[in-house]
Amino acid sequence: MKDDPAMPVNWLDKAELSAVQKLVESLGNGCHGGVLMLRHRPERLQEPMEPLLAYAPMVLWPDGTGDLPQASQDSVERNWARRPEEFSAAYRTSWKQGDPAHKHTDLARVRSIWPDEQRLDFCDAFANDSVAGENPR
């Protein structure tokens, strides 16, 4: 993501998420290359999240259940080139001010996860270490 600031956002709708196995197969075949954005947050978010994170450098989803409002989708598109700074600023602003009219409110409705460089470096440091009896998974 660092080397490609214009990385595409692939918007996934409720129907695509309801067929997780089919979605995982298409991801494995190289479809939907780039970031995945869920337009709809499933009730059990963890079920699709684990397989999606295996293929996507970043996954975004609505903070509440149901569909992501169109204004929030527009805000993601508008601020995409300024990630992660603008996303972080939106979260901080919403926590501090709680102002529903603030310009960051729509973007603050989006949650995201990605392995940043520090996290990957930390994991790499322990990649070959194991403890006797440790579960390798």
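## Overall architecture

Helices, taken as runs of at least four residues, and strands, taken as runs of at least two, are DSSP assignments numbered from the N terminus. On that basis the protein chain of this predicted model contains six helices and six strands, and when the chain is read along its sequence these elements follow the pattern β-α-α-β-β-α-β-β-α-α-β-α.

The protein chain has 137 residues, of which 35% count as buried. Among its contacts with a separation of 6 or more, 61% are made by residues 24 or more positions apart. The surface that the chain exposes comes to about 9000 Å², and carbon and sulfur atoms supply 50% of that area.

## Helix H3 and its cover

Helix H3 spans residues 46-53, and within this stretch Pro48, Met49 and Leu52 are buried. These three residues cover an arc of only 105° around the axis, which puts them on the same side of H3. The general geometry of the α-helix is relevant here: with 3.6 residues a turn, residues three or four places apart point the same way.

The elements that cover the buried residues of H3 include two helices, H1 (14-18) and H2 (20-28), together with two strands, S2 (35-38) and S4 (59-62).

## The packing of H2 against H3

Helix H2, one of the elements that cover the buried residues of H3, packs with H3 at an angle of about 10°, and the two axes are 10 Å apart. Because angles under 35 degrees count as roughly parallel, H2 is described as roughly parallel to H3. On the H2 side the contact involves Val20, Leu23, Val24 and Leu27, which meet Pro48, Pro51 and Leu52 of H3. The residues of this contact divide into seven nonpolar, no polar and no charged.

Gln21 also has its place in helix H2, but it is exposed, with a relative accessible area of 53%; exposed residues are those over 50%. The C-alpha atom of Gln21 is separated by 9.0 Å from that of Pro48, a residue 27 positions apart from Gln21 along the chain.

## Leu17 in helix H1

Leu17 belongs to helix H1 and is buried, with a relative accessible area of 8%, the limit for buried residues being under 20%. When neighbours within four places in sequence are left aside, Leu17 is in contact with Leu23, Leu38, His40, Pro42, Pro48 and Leu52. Of these partners, Leu23 is one of the H2 residues that meet H3, while Pro48 and Leu52 are among the buried residues of H3. His40 lies 23 residues apart from Leu17 along the chain, and the C-alpha atoms of the two are separated by 8.4 Å.

## The buried face of H4

Helix H4 comprises residues 70-79, and its buried residues are Ser72, Gln73, Ser75, Val76 and Asn79. Seen down the axis of H4, these residues fall within an arc of 160°, so they line one face of the helix.

Within this set, Ser75 counts as buried at 1% relative accessibility. Once residues up to four places away in sequence are discounted, Ser75 touches Asp106 and Leu107.

Notes: Residues numbered from 1 in each chain as written. Predicted model: local features only at pLDDT ≥ 70, side-chain atom pairs only at ≥ 80, totals over all residues. Heavy atoms only, no water. Buried < 20%, exposed > 50% of the residue type's maximum accessible area, 1.4 Å probe, protein only. Arc of directions from axis to C-beta. Contact = heavy atoms within 4.5 Å. Areas by Shrake-Rupley, 256 points an atom, 1.4 Å probe, with all protein chains shown as cover. Axes fitted to C-alpha atoms, helices over the stretch in contact; angles between N-to-C directions. Parallel < 35°, antiparallel > 145°, perpendicular 65-115°, else oblique. Nonpolar A, V, L, I, M, F, W, Y, C, P; charged D, E, K, R; others polar.
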